[in-house]
Amino acid sequence: ADLDVGVDLLAVERALRESALEDELYVAFQPQFSLRQNRVIGFEALARWRSHLLGEMPPDIFIAAAERSGHIGQITRLLFRRSLIELKRWPEHLFLSFNLSAQDLSDRAFILGLLDQIRELGIAPERVEFEITETAVMVDQEMSAAALEEMWKAGCRVALDDFGSGYSSFGYINRLKLDKIKIDKSFVREVHTNPVSREIVAMILTLCRNLGLSTVLEGIETESELAALQALGPDVVQGFFFGRPMTASAALA
Ligand code: C2E
Ligand code: CA
Ligand code: CA
């Protein structure tokens, strides 16, 4: 995501160092909805930080700061553990989707540590999905490929996030072992104003269907956006229209 240039990353890094992160970080959960099954099938975990120094901080900002300050590993481990504990309380058919940063992905031992957490908690690995981005994979392609291999061997699933944004290349669909593609919300945003956006969504859905990959259409905010895209037969949808990121107890309810 684009960083707000108005935010002082150094101040954020300082706050990361001077805070009891275990007390200030928490996880929000946003539902993924299957149109075919007409029900929620899983939740994406989204990092939240209520800082006593800076107030509520957006995750794309503090994750970027944490990557620079060296806090990212600690943060990912903590949020992942909390997310898994929630997953354990959910009905068996629901999965958890968890975002990984570039640095998380370029450390094979670190990934093995996350996979250990799944085992220690006695969670079925196929209920856990990791979301990665092309940008993150590009940072260290070889290490990322090894990390994905470990996830795959452990029985977890891998989703390619924000597909179609930034430096997208179809090469990654070819090279990486993926289960799912998440179509970037920018296409949904433009569906009423730019006819090309709808065609791109149609093309990605067809491609994924032919390759046996599942898809998530992200960022559906309104009924009219859903109506405009429903005819394309998207598999799974996610967005404010179906549910905003919510507290763990709201997700459980
Ligand atoms: P993302 O992975 O693409 O997550 C989806 C973002 O879109 C979330 O923003 C979510 O609140 C927002 N969203 C969902 N539905 C809609 C909608 O209908 N309309 C609009 N306008 N937005 C919608 P959030 O929570 O602010 O997260 C921003 C980004 O921060 C995430 O983008 C992800 O890249 C990163 N992030 C969040 N949590 C984590 C984490 O635990 N680890 C890492 N490495 N990155 C994270
Ligand atoms: Ca994501
Ligand atoms: Ca996304």
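Tutor: A donor here is an N, O or S atom within 3.2 Å of the metal when the metal is Ca. The model under discussion is predicted.

Student: How are the donor residues of the calcium ion (ligand 3) spaced in sequence?

Tutor: The atoms that coordinate this ion come from Asp 161 (OD), Asp 162 (OD) and Glu 218, whose OE is listed twice, at 2.2 to 3.0 Å. Reading these donor residues along the sequence gives the spacing D-D-x55-E.

Student: Is Asp 161 buried or exposed, and what about Asp 162?

Tutor: Buried means under 20% relative accessible area, and partly exposed runs from there to 50%. Asp 162 has 22% relative accessibility, so it counts as partly exposed. Asp 161 has 6%, so it counts as buried.

Student: Which residue coordinates both the calcium ion (ligand 3) and the calcium ion (ligand 2)?

Tutor: The calcium ion (ligand 2) takes its donors from Glu 44 (OE), Asn 99 (OD1), Glu 131 (OE) and Asp 161 (OD), at 2.1 to 2.3 Å. The donors of the calcium ion (ligand 3) include Asp 161 (OD). The two ions lie 4.0 Å apart, and the residue that bridges them is Asp 161.

Student: How many residues apart in sequence are the parts that Glu 44 and Asn 99 tie together?

Tutor: The donor residues of the calcium ion (ligand 2) follow the spacing E-x54-N-x31-E-x29-D. Glu 44 lies in strand β2 (residues 39–51) and Asn 99 in strand β4 (residues 95–99), so the pair ties together parts whose separation in sequence is 55 residues.

Student: Which term, buried or partly exposed, fits Glu 44, and which fits Asn 99?

Tutor: The cut-off for buried is under 20% relative accessible area. Glu 44 has 4%, so it is buried. Asn 99 has 27%, so it is partly exposed.

Student: What is the radius of gyration of the chain, and why is the chain called as compact as a globular protein of its length?

Tutor: The chain holds 13 helices and nine strands. For 253 residues the globule rule gives 18 Å, and the chain is close to that, so it is as compact as a globular protein of that length; its radius of gyration is 18 Å.

Student: What share of the residues in the chain is buried?

Tutor: The chain exposes about 12000 Å², with carbon and sulfur atoms supplying 52% of that area. Of the 253 residues, the buried share is 49%.

Student: How far apart are the centres of the positive and negative side chains?

Tutor: The chain has 26 positive and 37 negative side chains. The centres of the two sets are separated by 5 Å.

Technical notes. Residues are numbered from 1 along each chain as its sequence is written. Chains are lettered from A and ligands numbered from 1 in the order in which they are written. This is a predicted model: local features need pLDDT of at least 70, side-chain atom pairs count only at pLDDT 80 or more; totals for chains, interfaces and linings use all residues. Side-chain values use heavy atoms; hydrogens and water are left out. Donors are N, O and S atoms within 2.8 Å of the metal (3.2 Å for Na, K and Ca); water is not among the atoms, so sites may look incomplete. Buried means under 20% relative accessible area, exposed over 50%, partly exposed in between (1.4 Å probe, protein chains only). Helices (H or I, at least four residues) and strands (E, at least two) are DSSP runs, numbered from the N terminus. The radius of gyration is taken over C-alpha atoms; the globule rule is 2.2 Å times the number of residues to the power 0.38. Accessible areas come from the Shrake-Rupley method with a 1.4 Å probe; for residues, only the protein chains shown count as cover. Lys and Arg count as positive and Asp and Glu as negative; His and the chain ends are not counted. The place of a charge is taken as NZ of Lys, CZ of Arg, CG of Asp or CD of Glu.
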